[in-house]
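Q: Please take a close look at the ligand site. Which residues surround the ligand, and which contacts hold to its polar atoms?

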Amino acid sequence: MVLASLLQGCVQLLVLPAHVLTCLGLWDSFYKKVFPYIMAKMAPAYNHKVYKQKQALFSNLRAFAGPSGQLTLLEIGTGTGTNFQFYPPGCRLTCTDRNPNFSKFLLKSLSENQHLKLERSVVASGEDLHQIPDSSMDVVVSTLVLCSVSSIQKVLAEVLRVLRQGGAFYFLEHVAADHSSWTYFWQKVFDPLWKCFGDGCSLSRETQKELEKINFSELNLKHIYVTPYWIPSSPHIIGYAVK
Ligand SMILES: C[S@@+](CC[C@H](N)C(=O)[O-])C[C@H]1O[C@@H](n2cnc3c(N)ncnc32)[C@H](O)[C@@H]1O
């Protein structure tokens, strides 16, 4: 790990200009405008890679519909709306994201997915969803978001609060590799660069551990690799947890 810290220091030097801009308050506002364009370009290729896994994951969404047969679904960090195609017809959707600059892309995805009913779109961070009432959601979804949030614990506390009893939290997140692997070594080395150009995203989060700490009545979690295993962003967790 000494070598990893040394190489990480070199990477940190590379991203020093962005750190200076961050201290001057210039990087975040600039990058928050650029990031949605990057995601709009990259998301289709990523979705293609995980298409089968997402299709299987979301195939039982209907099982969590309320007594009226309608499914109320909240997506945290909706981004460009890449998951809309997997949601069932008539699904009553609430979108939240901390970055308002995604709205143009979100509207495009909605126009391509007219089987959904958008109830609300809220600019909010997952750590504070006070606009969403307690126990109001059948399902909450998060894909590639918990790697970027400032507090996974706070987000999961909000997920539990807004879910009704028996509702489910669906997730697909990239995570830290096994600590004894070379993948983890490279995750640690490239973390500063990734954070800088991934809008705060970390390659080495132990998201599964945080999910295991929460009092869900059922946790269905699988580890998968979405690209060759040695690529730092390859290890993922996928599944759902029932409140
Ligand atoms: C990598 S993108 C993934 C977007 C989308 N979920 C997907 O799977 O394509 C991460 C998204 O999470 C959002 N995000 C990051 N931190 C957040 C937070 N604390 N609260 C809400 N949204 C957040 C970002 O603005 C961005 O839209």
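A: What follows describes the surroundings of the ligand and then turns to the aromatic pairs. The model is a predicted one, and in it the ligand sits in the largest pocket. Around the ligand there are 19 residues, of which Gly 77, Asp 97, Gly 126, Glu 127 and Thr 143 come nearest; by character, this shell divides into six nonpolar, nine polar and four charged residues. Among the side chains that make polar contacts, that of Asp 97 has an N or O atom 2.5 Å from an oxygen atom of the ligand. Nitrogen atoms of the ligand are approached as well, with a polar side-chain atom of Glu 127 lying 2.9 Å from one, and with an N or O atom in the side chain of Arg 98 at 3.2 Å from one. The ligand taken alone exposes 590 Å², and the protein buries 96% of that area.

Turning to the structure as a whole, a search finds 21 aromatic pairs. One of them joins Tyr 51 and Phe 86, whose ring centres are 5.3 Å apart and whose planes stand at 50 degrees, so the pair counts as tilted. This pair links distant parts of the chain, since Tyr 51 belongs to helix α4 (residues 51-58) while Phe 86 lies in the loop between β1 (72-76) and β2 (92-97), 35 residues apart.

How values were computed. Residues are numbered from 1 along each chain as its sequence is written. This is a predicted model: local features need pLDDT of at least 70, side-chain atom pairs count only at pLDDT 80 or more; totals for chains, interfaces and linings use all residues. Side-chain values use heavy atoms; hydrogens and water are left out. A residue is near a molecule or strand if one of its heavy atoms lies within 4 Å of it. A polar contact is a pair of N or O atoms within 3.5 Å; within protein, one must be able to donate a hydrogen and the other to accept it, and residues adjacent in sequence count only if both atoms are side-chain atoms. Accessible areas come from the Shrake-Rupley method with a 1.4 Å probe; for residues, only the protein chains shown count as cover. On a 1 Å grid over the protein atoms alone, a cavity is a set of points where a 1.4 Å probe fits but cannot get out, and a pocket is an open set with protein on both sides within 12 Å along at least five of seven lines; lining residues have an atom within 4 Å of a point. A molecule sits in a cavity or pocket if more than half of its atoms lie within 2 Å of its grid points. Ala, Val, Leu, Ile, Met, Phe, Trp, Tyr, Cys and Pro count as nonpolar, Asp, Glu, Lys and Arg as charged, and the others, Gly among them, as polar. Rings of Phe, Tyr and Trp (its six-membered ring) pair if their centres lie within 6.5 Å; planes under 30 degrees apart count as stacked, over 60 as edge-to-face and the rest as tilted. Helices (H or I, at least four residues) and strands (E, at least two) are DSSP runs, numbered from the N terminus.
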